[in-house]
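Biologist: I'm new to this structure and I'd like a close look at one part of it. Could you start with a single residue and its surroundings, then walk me outward from there?

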Amino acid sequence: TSQRQMDFPAEEFVTRRGKIFDAIGSEGYALLHGAPAPRGYVVFRQTNEFFYCCGLETPQAYLLLDGARRRATLYLPERGGAQLGEGAPPGVEDADLVRAITGVDEVCRHEALTDHLAGAKVVYTPHAPAELRAATRDGLQWADQMAAQDPWDGQPSREQRFIALLRSRFPKIEVRDLTPILDELRSVKSPREIAVMRRAGHLCAQAVREAMRATRPGIFEYQLGALANYIYSVNGAQGEGYRPIIAGGENIWHIHYFLNNSPLKDGDLVLMDVAPECAYYTSDIGRMWPVNGTYAPWQRELYGYIVEYHKTLLSRIRPGVTPDQVMDEAAAEMRRVWENWRFSKDIYREGARRTLEFRGHLSHPVGMAVHDDGEYHHRPLRPGTVFSVDPQMWIPEERLYIRVEDTVVVTEDGIENLTAAAPLELDDVETLMRTERTSLPYTPEVG
């Protein structure tokens, strides 16, 4: 029984389940199935949805919430022989430990689930695809769609199969979608969630900072990614929170570029957008810096403008206002900056003007997934809401894409910037690269 998360006490999961009970009512049940057993020698990773509700890292687990009795039951496999040699995760034999980790009322074998569902009339279960490591719902839905449209595949998703199985075994049950209920809960983070995200934000900021110090012409994009992974691993994170974006020069134009296999060239910018996974949570950051350590005039002009926009947005975020209000206020303030900013080309001036009209600067929720679940755009911001601030500018005539990004949490009177440890001001970046220059560890040439 070696696998055990230590970041969230059982009370945290009891509180979350209490809110689910409130949402499903006394007539409802909620049923979640955890991730399947891993194929191959990979570390098991629970789904975000299942972990959010109980914190248990055991494969092939089921969680039933009985709304009438407000009781939570876990249904677990026995520990297999192969697992015992590896330090098995908790099984049904470990009921006391499982209750201590999760705060559930009962731990049963798989077979008991059928009996416990016998009288159910309404069962809520997630319809959206379950999120695993480095996954977001939009990407998972795309993958499910691709499989469904493939005449040589056509497999329904795991969620669709589970729902079909529920309906075939219990024809009288009404199956409803638990996903919107979980999304609403995940849209506001608890203090413990924020503490974990503070750690993730600090680590990705440190990874960017170290990458700045090590950048020079001739190294490869992936080498900066390797440096980031070292920072994560040596500090106890569980690898990457998402596919890293490390783009030099022309590669930056591809907004979510991920090949990371090009050398960095003198005179180019590099864009780095990376984050770790820490205890099932991640972060999001974006910085751009000069490969040679000195911003060229045009780079200062465009990136400097976006950094000013970024600081203006950060200063306007507070509870009780909508993201649209924040962007309207920031755009009004930035119009004066734009009017007085020196642009060397008309296309740069026009590109900067268009950013005043762009509505995506308060970009997306961040949490267990980098594009997390939980809508915040169309209502006043609430303390505990975590999202990325990501002002962007496009100059299509020269295939230039400029942006800077931080992950922030709304507080009672403003924000806490979770990724603030990475240099933002252009002068600070240049000073760091000049005075704290470092080298990548030596790697011998192969072949």
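Modeller: Here is a walk that starts at one threonine and then moves on to a helix pair, two cysteines and a couple of loops. Keep in mind that this is a predicted model.

Let's begin with threonine 102, which sits in helix 4, residues 95-102. Is threonine 102 buried or exposed? It's buried, because its relative accessible area is 0%, and buried means under 20%. Setting aside neighbours within four places in sequence, threonine 102 is in contact with Ala10, Phe13, Val14, Arg17, Cys54, Leu56 and Leu74.

Some of those names come back when you look at how helix 4 meets helix 1, which covers residues 10-24. The axes of the two helices come within 6 Å and cross at roughly 70°. That makes helix 1 roughly perpendicular to helix 4, since angles of 65 to 115 degrees count that way. On the helix 1 side the contact is made by Ala10, Phe13, Val14 and Arg17, and on the helix 4 side by Ala100, Ile101 and Thr102. Sort the residues of this contact by type and you get five nonpolar, one polar and one charged.

Now for another threonine. Threonine 125 belongs to strand 5, residues 122-125, and with a relative accessible area of 1% it is buried. Beyond its neighbours within four places in sequence, threonine 125 touches Leu31, Phe162, Ile163, Leu166, Val175, Arg176, Asp177 and Leu178. Alanine 148 lies 23 residues from threonine 125 along the chain, and their C-alpha atoms are 21 Å apart.

Next, a second helix pair. Helix 11 (residues 297-316) and helix 13 (residues 346-355) pack at about 15°, with 11 Å between their axes. So helix 11 is roughly parallel to helix 13, because the cut-off for that is under 35 degrees. The crossing of helix 11 past helix 13 is right-handed. Which residues in helix 11 and helix 13 meet? Helix 11 brings Trp298, Glu301, Leu302, Tyr305, Ile306 and Tyr309, while helix 13 brings Tyr348, Ala352 and Thr355. Of the residues in this contact, seven are nonpolar, one is polar and one is charged.

On to the cysteines. A disulfide is a covalent bond between the sulfur atoms of two cysteines. How many disulfides does a search of the whole structure find? It finds zero. Take cysteine 204: the closest cysteine sulfur belongs to cysteine 278 and is 8.8 Å away, so that is too far for a bond. The cut-off for a disulfide is within 2.5 Å. Cysteine 204 is buried, at 0% relative accessible area, and cysteine 278 is buried too, at 2%.

Last stop, the backbone of two loops. Most residues other than glycine have a negative phi. Tyrosine 280 isn't a glycine, yet its phi is positive, about 75°. You'll find tyrosine 280 in the loop between strand 8 (269-273) and strand 9 (287-290), where it counts as buried at 5% relative accessibility. Arginine 399 also has a positive phi without being a glycine, at about 50°. Arginine 399 is in the loop between strand 12 (392-395) and strand 13 (400-403). Whereas tyrosine 280 is buried, arginine 399 is partly exposed, with a relative accessible area of 47%.

Terms used
Residues numbered from 1 in each chain as written. Predicted model: local features only at pLDDT ≥ 70, side-chain atom pairs only at ≥ 80, totals over all residues. Heavy atoms only, no water. Helix = DSSP H or I, 4+ residues; strand = E, 2+ residues; numbered from the N terminus. Buried < 20%, exposed > 50% of the residue type's maximum accessible area, 1.4 Å probe, protein only. Contact = heavy atoms within 4.5 Å. Axes fitted to C-alpha atoms, helices over the stretch in contact; angles between N-to-C directions. Parallel < 35°, antiparallel > 145°, perpendicular 65-115°, else oblique. Left-handed = near helix turned anticlockwise from the far one by under 90°. Nonpolar A, V, L, I, M, F, W, Y, C, P; charged D, E, K, R; others polar.
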